[in-house]
Amino acid sequence: MATVYRETTAPGGPSGVVRCLWEDTGTAPKRIVPDGCVDLVESGGEVFVAGPDTAAWTWETSGPARGVRFAPGRAGDVLGQGADELRDQRVPLRDLWGREGELLAERVLSGAASLMDVVQRRGAGRADREVSALIARLDDGVPRVSAALDSFTTGERQLRRRFTLAVGYGPATYLRVTRFQRAIGLAGTAPDLASLAFSAGYADQAHLSRDCREFSGLKASEFFRARK
């Protein structure tokens with residue numbers, strides 16, 4: 001059966017906390033690259049949290065998988081854990097929440113509850129407005145973090161610390177990740193790597209190539225060819 005990956009809008013749930021729901025019916029190994037998000041995943045008879053990545057990793061799954069993808073900066077509101085403590089990790093729900101997590105995982109795996117039921121059960125506090133504003137500025141494609149940090153009332157060091165706690169890594173890494181994701185989204189329409197680099201906001205093709213090698217583990221020509 002061909003791999004089918006699809007994303008859908010989350011029904012209900014805490015406002016602004018969930019970016020999307022996703023489902024993947026493929027069983028072949030998958031190369032996962034950083035996207036600035038944290039996911040709650042059901043796969044292979046387990047429910048686990050996939051923390052924010054800083055490099056690619058290979059996910060080998062024996063069957064279909066589904067997940068809840070949290071909006072950048074909002075996972076900790078539900079999980080009760082700083083995203084920086086989940087960076088580059090896959091943590092079973094039972095290890096994160098103890099007995100409660102074990103019972104919730106059992107309900108999800110038996111079909112008695114969905115991943116969104118887990119999110120709604122835990123609820124979420126209010127978003128950090130300044131962190132959310134900084135995320136939005138970085139998502140808009142500013143060329144440098146310094147430009148995004150301008151005009152906040154909170155001191156830069158404190159804001160950077162709160163950002164890292166919420167997102168999982170600092171603003172500079174997040175900016176690079178979002179730019180790389182922008183390139184992935186544009187890869188199907190760009191005629192060549194130089195055009196892709198320009199459209200995604202890179203200084204030049206070499207800049208794109210360096211980030212692609214770091215975030216995907218592949219040469220840009222190889223990585224983006226697969227997305228045509």
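What is the volume of the largest cavity? In this predicted model, the largest cavity has a volume of about 30 Å³, and the structure holds 1 cavity of 30 Å³ or more. The residues that line the largest cavity are G36, C37, V38, A71, P72, G73, R74, A75, A83, A166 and V167. By class, the lining of the largest cavity comprises 8 nonpolar, 2 polar and 1 charged residues.

The largest pocket, for its part, holds about 820 Å³ of space. Its lining is made up of 30 residues, and those that lie nearest the centre of the pocket are Y5, I32, V33, D35 and R69. Several strands and one helix contribute to the lining of the largest pocket, with at least two residues coming from each of β1 (5-8), β2 (18-24), β3 (30-32), β4 (39-43), β5 (46-50), β6 (57-59) and α8 (171-186). Divided by class, the lining of the largest pocket has 16 nonpolar, 3 polar and 11 charged residues.

Helix α8, which supplies at least two residues of the pocket lining, also packs against two helices, α5 and α9, as set out below.

| Helix pair | Axis separation | Angle between axes |
|---|---|---|
| α5 (residues 129-139) and α8 | within 9 Å | roughly 45° |
| α8 and α9 (residues 193-200) | 9 Å | about 130° |

The axes of α5 and α8 cross at roughly 45°, and α5 is therefore oblique to α8; the crossing in which α5 passes α8 is right-handed. On the α5 side, the contact is made by L134, I135, L138 and D139, whereas α8 brings P171, Y174, L175, T178 and R182 to the contact. Taken by class, the residues in the contact of α5 with α8 are 6 nonpolar, 1 polar and 2 charged.

Where α8 packs with α9, the angle is about 130°, which makes α8 oblique to α9, and the crossing of α8 and α9 is right-handed. Here α8 takes part through R179, R182, A183 and L186, while α9 takes part through L196, S199 and A200. The contact of α8 with α9 contains 4 nonpolar, 1 polar and 2 charged residues.

One residue links the two descriptions: R182 of α8 belongs to the contact with α5, and R182 is also listed among the α8 residues in the contact with α9.

Key. Residues are numbered from 1 along each chain as its sequence is written. This is a predicted model: local features need pLDDT of at least 70, side-chain atom pairs count only at pLDDT 80 or more; totals for chains, interfaces and linings use all residues. Side-chain values use heavy atoms; hydrogens and water are left out. On a 1 Å grid over the protein atoms alone, a cavity is a set of points where a 1.4 Å probe fits but cannot get out, and a pocket is an open set with protein on both sides within 12 Å along at least five of seven lines; lining residues have an atom within 4 Å of a point. Grid points are joined across faces, edges and corners, and a volume is the space filled by probe spheres set on the points. Helices (H or I, at least four residues) and strands (E, at least two) are DSSP runs, numbered from the N terminus. Ala, Val, Leu, Ile, Met, Phe, Trp, Tyr, Cys and Pro count as nonpolar, Asp, Glu, Lys and Arg as charged, and the others, Gly among them, as polar. Axes are lines fitted to C-alpha atoms, for helices over the stretch in contact, and angles run from 0 to 180 degrees between N-to-C directions. Angles under 35 degrees count as roughly parallel, over 145 as roughly antiparallel, 65 to 115 as roughly perpendicular and the rest as oblique. A crossing is left-handed if the near helix is turned anticlockwise from the far one by less than a right angle, and right-handed if clockwise. Contact means heavy atoms within 4.5 Å.
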